[in-house]
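Open the model in your viewer and keep the selection tool at hand. We will go from one selection to the next, with a word on what is there.

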Amino acid sequence: MAARESGTTGVRRDARPRRLDRVMAVINRDPLTAPHRTRNDACLTAGVAVVAVLLALLVVDGRPLDPLGWALLAGAHVPLVWRRGRPLLVLLAVAACASPYHALDYNHAVPIPATLLALYTVAATGTVRRTLLTAVVVLGPTLIINSFTNPDGALELLRTSGWIIAVLFFGVDARFYRQYVASIVERAERAERTREEEARRRVAEERLRIARDLHDLLAHSITLIGVQTSVAAHVLTVDPERLDRRAVAQALDGIAETCRTARGELRTTLEVLRANELSVNVAGEPAAGPGSGLGSGDGRGPLPGLDGLAALAEAARTAGAKVELDVHADGVPPSVGAAAYRIVQEALTNAVRHGGRDDLTVRVGLRTAEGALRVRVTDDGVGPRGTGATDGTPGFGLVGMRERARSVGGTLDAGPGPTVGFEVTAALPLPREDEPR
């Protein structure tokens, strides 16, 4: 029983804010675009007419109403049904009936609610200039009629003028309030759209980074596995009677090591992707992105930066290439180091794949100069111009290297070497000492 009462109380507490929100929505709604406005105005007109009838029966302020007085009173109320669509015409119609009504000295208090409602509608739906002109036009005849019907009622004239000015001022204030609320809502909606667009942009960038990492990882690993498999197959088929077991074992060990490294990095890539999907906040920002890399060879920790270049060079040597590594770079931030690592990885992969020579030599040089990390990878192979360029079909390697360089604000050039082979050069800016890394 207590639980039921508690649940009922909770429903009531929740219902009150909802009812208040609906009331505030009606108040803040633009009267010219509100739904069912004619029906609602008809109901409001009926309520004002009921108030007028009660005033006619209960208040004595002039002649009692006869059939002509009731007809003029009805004529002053009926146009209010269309008050929002034609506020000025409705005000003129009400004034056309209310003026002779007051001039004949009928009960003056009865048509006041209808007249004030028409004045409020003009002020709440029009401009300030129109409202001022309406005040002048309405106050003039009103003061003239009151001066004839009640020459000694100066206080009455002041009170009538005060009511008219107050209603017009209230209508203008309501109009400004609605415009203010509408501007707040518009800014909030625009900010929400901006946040959604930013979230979509971040998601697209995150997918591009992950696709780029997967391409670098898989292309490098699969290329090395393919070359090492070819070496093993060559050893087995050239002279089966004099099998070089050591060369075969070395090739198979290289394949196994490449597979372990690829599996670890792929597992870490998927872990980061899953973590990003689970930790995306309302604004669409991942809690931790793979901007500087995804994983090390054991699947735990950050991607190797410049300290992982030796392992890349050794893997390329296992595939049959001669790699000369020359690194002179200290104090490189992780993001720049990861970009350089991926660029060198892709350059070595392309060199091994498209080198076309058994005695391929690849020179890798990195040094810091003029506020940037300079990366240079050259080989003496035939390059993509040879037969090993995957039948002339372009891939994503060069595109990915350029994207890596741009991700840290750098540039990259790739093309045939000065004499032979292929050359990749990149300039990756380093943050100044006074900038946070």
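Start by selecting β2 and β3, which form a hairpin with two residues between them. In the turn, look for Glu 370, whose phi is positive at about 55°. A word before going on: this is a predicted model. Strand β2 covers residues 361-369, and its pairing with β3 is antiparallel, over eight bridges. To see one of these bridges, show Gly 365 and its partner in β3, Arg 376.

Now keep β3 alone, residues 372-379. Is this strand enclosed or not? Six of its eight residues are buried, so β3 is largely enclosed by the rest of the structure.

Next, add β5, residues 422-429, which pairs with β3 in the antiparallel sense over seven bridges. Two places are good to label here. Ala 372 has Pro 429 as its bridge partner in β5, and Leu 373 stands opposite Leu 428 of β5. β5 is mostly covered too, with six of its eight residues buried.

From β5, move on to strand β4, residues 411-416; these two strands are antiparallel partners over six bridges. Ala 414 is a residue to pick, and its bridge partner in β5 is Val 424. β4 and β5 also make a hairpin, with five residues between the strands, where Gly 421 takes a positive phi near 70°.

Go back to Leu 373 and show what surrounds it. Which residues does it touch, beyond its neighbours within four places in sequence? Its contacts include Leu 306, Ala 329, Val 332, Val 336 and Ala 340, as well as Leu 366, Ala 426 and Leu 428.

Leu 373 also leads into the largest nonpolar core, which has 37 residues. The members that touch the most others are Ile 343, Val 344, Leu 366, Leu 373, Val 375 and Leu 428. To colour the core by element, take α9 (309-318), α10 (334-354), β2, β3, α11 (397-407) and β5, each of which gives two or more residues to it. α10 gives the most, with 10 residues. There is also a second, separate core of 24 residues; select Leu 116, Leu 139, Ile 164 and Leu 168 to find some of its members. As background, nonpolar side chains in soluble globular proteins tend to be buried together.

The next stop is helix α3, residues 67-77, where the buried residues are Gly 69, Leu 72, Leu 73, Ala 76 and His 77. Look down the axis: these residues cover an arc of only 135°, which puts them on the same side of α3. In an α-helix with its 3.6 residues a turn, residues three or four places apart point the same way. To see what the buried residues of α3 pack against, show α2 (37-58), α4 (87-103) and α5 (112-125).

Now for the aromatic rings: how many aromatic pairs are there? The count comes to two. One to display is Tyr 101 with Tyr 106, a tilted pair with 5.3 Å centre to centre and 35° between the planes. Tyr 101 counts as buried, at 1% relative accessibility, and Tyr 106 is buried with a relative accessible area of 1%.

Finally, zoom out to the whole protein, with its 11 helices and five strands. Of its 437 residues, 38% are buried. The accessible surface comes to about 25500 Å², and carbon and sulfur atoms hold 61% of that. Among contacts between residues at least 6 apart in sequence, 71% join residues at least 24 apart.

How values were computed. Residues are numbered from 1 along each chain as its sequence is written. This is a predicted model: local features need pLDDT of at least 70, side-chain atom pairs count only at pLDDT 80 or more; totals for chains, interfaces and linings use all residues. Side-chain values use heavy atoms; hydrogens and water are left out. Rings of Phe, Tyr and Trp (its six-membered ring) pair if their centres lie within 6.5 Å; planes under 30 degrees apart count as stacked, over 60 as edge-to-face and the rest as tilted. Buried means under 20% relative accessible area, exposed over 50%, partly exposed in between (1.4 Å probe, protein chains only). Helices (H or I, at least four residues) and strands (E, at least two) are DSSP runs, numbered from the N terminus. Contact means heavy atoms within 4.5 Å. Accessible areas come from the Shrake-Rupley method with a 1.4 Å probe; for residues, only the protein chains shown count as cover. Two strands pair if DSSP finds at least two bridges between them. The arc is that of the directions from the helix axis to the C-beta atoms. A nonpolar core is a set of buried Ala, Val, Leu, Ile, Met, Phe, Trp, Tyr and Cys residues joined through side-chain atoms within 4.5 Å.
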